[in-house]
Amino acid sequence: MAIEADGKTIETDEEGYLTDLSSWTEGAAKVLAAQDEIELTDSHWEVITFLRDYYNEYQIAPAVRVLTKAIGKKLGKDKGNSKYLYELFPYGPAKQACRFAGLPKPTGCV
Amino acid sequence: MEDEVIKKFLYVNRKAPYGTIYALESLEVVLIGAAFDQDVSLAFIDDGVYQLKKNQQTSVSSGIGVKDFSKTYRALEGYDVEKLYVDKKSMEERGLSEDDFLVDVQVFDEAQMAELMEQQDVVLSF
Amino acid sequence: MLHTVNKSPFDKNSLENCLRFARKGHSILLFEDGIYGALKGTRFETLIAEGLKSSTIYVLVPDLEARGMRMDNVIDGVKATDYAGFVDLSAENKTVQAWL
């Protein structure tokens, strides 16, 4: 499978995750979000950027519990809770946000 | 969830990274297992101590081109996996010291390590 | 607790390390290529003799026989066991450390 973004074809796996992390662009995130009928706001980007930084630092996509805690630490308690994150990413903050961020599916996610 | 029993899990790591899949597999099992809120410890014995060596460089452009999963050991704290133990003799006979490791560890002698093993409900060996 | 060793001591340091961490009352089972550590006349004999002072050491006979050896070749004090005995040992001990 593949998506079209920024005039490029970007490969994805059958679940919609990018096969090559380095092929990610902001445009790709927008296209992936549009497929889920989500328009990315600053709040979404904040989480996506956080995930990309986390992956860069630790080479894994965080489990949802770890993500929630870490977001709370970095962006404040009002954002580090599942209600806030599920409102932004209804299919699961780890699963769906990681997909938009071009990361693999978090380890341990089914 | 209230009657859930917390068990003590020890992961024993005895292989160097990259040469075999053991180190990475162990780490992935630790991360998956961390979701279950158990009491987790990691032991590094024999060549397993090399898994924690600082400054691993594996980049695609100038290296072996595989993921540098040593960085992931630093994420363990966020997963509430904070008990990492290194076998003193294995460390010393490889010319390493605590300063060579990329995470904080406790260095254990044989008696301490044997006691740690005995205290466990489950020992997983890699 | 039970320790298992399935590598030849000439190839891997698993046996030596197992004996380093085994404590009084522990059981050690040598199987597959690990049985070579149980044999008389090798350079590991004194190490095994030392281990026998505090631990009970078993050798898996099917693996011994498959490699052309018999209990006669095994260091005195090392006990023979079979697959059923292996299962019993695993069940009796709360934890098992496999020295791979």
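**Entry 1: Ser41(B)**

I began with Ser41(B), which sits in strand 2 of chain B, residues 39–44. The model I am reading is predicted. Is Ser41(B) buried or exposed? Its relative accessible area is 4%. Ser41(B) counts as buried because that value is under 20%. Next I listed what Ser41(B) contacts, leaving aside neighbours within four places in sequence. I found Phe9(B), Leu10(B) and Tyr11(B). I also found Lys83(B), Tyr85(B) and Leu116(B).

**Entry 2: Thr4(C)**

I moved to chain C and picked Thr4(C), a residue of strand 1, residues 2–5. Thr4(C) has a relative accessible area of 6%, so I noted Thr4(C) as buried. Which residues does Thr4(C) touch, not counting those up to four places away in sequence? My list holds Leu29(C), Phe31(C), Phe86(C), Val96(C), Gln97(C), Ala98(C) and Trp99(C). I then checked a distance. Thr4(C) and Gly51(C) are 47 residues apart in sequence. In space, their C-alpha atoms are 14 Å apart.

**Entry 3: Cysteines**

I searched the whole structure for disulfides and got 0 over all chains. I still looked at two cysteines. Cys98(A) has 0% relative accessibility, so I wrote Cys98(A) down as buried. Cys18(C) is also buried, and its relative accessible area is 0%.

**Entry 4: Which chains meet**

I found 2 pairs of chains in contact. Chains B and C share the most contacts. Chain A and chain C have no contact joining them. Their closest C-alpha atoms lie 25 Å apart.

I took a further look at chains A and B. How many residues of each are in contact? I counted 15 from chain A and 15 from chain B. The size of an interface is often given as the accessible area lost when the parts come together. For chains A and B, the buried area is about 1200 Å². Carbon and sulfur atoms give 51% of that area. On the chain A side, I noted Tyr58(A), Gln59(A) and Arg65(A). These residues supply 42% of the area that chain A buries against chain B, more than any other three residues.

**Entry 5: Pockets**

I turned to the largest pocket, with a volume of about 440 Å³. It has 16 lining residues. Which of them are closest to its centre? I noted Tyr54(A), Tyr58(A), Ala70(A), Lys73(A) and Gly78(B). Two elements of chain A give two or more residues each to this lining: helix 2 (42–58) and helix 3 (64–75). By class, I wrote down 6 nonpolar, 1 polar and 9 charged residues.

The second largest pocket holds about 240 Å³ of space. From chain A, I listed Leu21(A), Ser22(A), Arg52(A), Tyr55(A), Asn56(A), Gln59(A), Gly102(A) and Leu103(A) in its lining. Lys67(B) lines this pocket too. The classes here are 3 nonpolar, 4 polar and 2 charged.

**Entry 6: A cavity**

Last, I searched the whole structure for cavities of 30 Å³ or more and found 1. About 40 Å³ of space lies in the largest cavity. Which residues line the largest cavity? From chain A, I found Ile60(A) and Thr107(A). From chain B, I found Leu24(B), Leu27(B), Glu28(B), Leu31(B), Lys67(B), Phe69(B) and Thr72(B). The lining divides into 5 nonpolar, 2 polar and 2 charged residues. I had met Lys67(B) before, in the lining of the second largest pocket.

Definitions and conventions. Residues are numbered from 1 along each chain as its sequence is written. Chains are lettered from A and ligands numbered from 1 in the order in which they are written. This is a predicted model: local features need pLDDT of at least 70, side-chain atom pairs count only at pLDDT 80 or more; totals for chains, interfaces and linings use all residues. Side-chain values use heavy atoms; hydrogens and water are left out. On a 1 Å grid over the protein atoms alone, a cavity is a set of points where a 1.4 Å probe fits but cannot get out, and a pocket is an open set with protein on both sides within 12 Å along at least five of seven lines; lining residues have an atom within 4 Å of a point. Grid points are joined across faces, edges and corners, and a volume is the space filled by probe spheres set on the points. Helices (H or I, at least four residues) and strands (E, at least two) are DSSP runs, numbered from the N terminus. Ala, Val, Leu, Ile, Met, Phe, Trp, Tyr, Cys and Pro count as nonpolar, Asp, Glu, Lys and Arg as charged, and the others, Gly among them, as polar. A disulfide is a pair of cysteine sulfur atoms within 2.5 Å. Buried means under 20% relative accessible area, exposed over 50%, partly exposed in between (1.4 Å probe, protein chains only). Contact means heavy atoms within 4.5 Å. Buried area is the accessible area (1.4 Å probe) that two parts lose on being put together, summed over both.
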